[in-house]
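Please examine the structure below before reading on. The discussion then asks how certain terms are justified.

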Amino acid sequence: MIPDFVRSWFDAMLPIGIVVLTGWIFVDLLGFDVYNAVLAIFMPLQSVIETPWGFSLMMLIVCFLYSLGISTWVLTPVLNPVLLTAIQANIDGKAMNLVTDPTIYSAYLWIGGIGCTMPLVFMLMRSKSKKLKALGTASVAPTIFNINEPIVFGCIAWNPLLMVPMWLQGLILPLIVWLFTKVIAFAPIPTVMFQMWYCPFPIATWLTTGTISGILLMLIVFVVAAAIWYPFFKAYEKQECEREAAEATERV
């Protein structure tokens, strides 16, 4: 009789061993270029996402999945090859692609994490609801480093009152960034590789753009994001305050 922990170990190691062995055969023995093969599959996406509508659609899908509690890491194999190739073209001086990893995560877009949730955290911190105020206070430290799982899974995921504004962030904010970089040459398009998405704003913006105008565009995005969150937050706050009041009455 094989102990359960041994069986579990074999169950885990068998697929890992098959993957490693297959990778070794194809890459080392047969000389198969996995990276460029993946690029060839997904590169047609670049012509789509490097448009204002493609940019917004991609960010809407990201926000939509996240609002359902689905980690956006599931999209990494599809999006990262395209985004990294786009920024490499900028570095090489062959293009001026806006939709790149630095633009999305470090320069302008996702302040506080995917969905630009930092303004919402600040609102929660000042909420009249004890529950929401506690959640905001607990989330402020992570959000500085663009980690927003506490707030997403604490009040956004599967909550229609906050899911809708998160979708709007994905639609509206990319168009604002596109307007003030590609249409109006107000702020620069990042041309440096920067994957430290946990670097706080506006430090990350300065490191990826090196201009005051870049920081100003980041602040514009922040203000617009706050304006989108605010009415939905107030509706949610009212709902929670009424619930807390009803619970207090029941206890009395």
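The questions that follow concern salt bridges, burial and a surface patch.

This is a predicted model, in which local features need pLDDT of at least 70, side-chain atom pairs count only at pLDDT 80 or more, and totals for chains, interfaces and linings use all residues. Residues are numbered from 1 along each chain as its sequence is written, and side-chain values use heavy atoms, with hydrogens and water left out.

Q: Why is the contact of K131 with E240 called a salt bridge?
A: The term requires a side-chain nitrogen of Lys or Arg within 4 Å of a carboxyl oxygen of Asp or Glu. The N to O distance between K131 and E240 is 3.5 Å, so the pair qualifies.

Q: What makes this pair a tie between separate parts of the chain?
A: K131 lies in helix α8 (residues 130-144) and E240 in helix α12, so the salt bridge joins parts 109 residues apart in sequence. Helices here are DSSP runs (H or I, at least four residues), numbered from the N terminus.

Q: Why is E240 called buried?
A: Buried means under 20% relative accessible area, exposed over 50%, and partly exposed in between (1.4 Å probe, protein chains only). E240 has 2%, and is therefore buried.

Q: Why is K131 placed in another class, partly exposed?
A: The relative accessible area of K131 is 42%, so K131 falls in the intermediate class.

Q: How do you know that E237 and K234 form a salt bridge?
A: Their closest N and O atoms are 2.8 Å apart, so the criterion is met. Both residues lie in helix α12, three residues apart, about one turn of the helix.

Terms used: Helix = DSSP H or I, 4+ residues; strand = E, 2+ residues; numbered from the N terminus.
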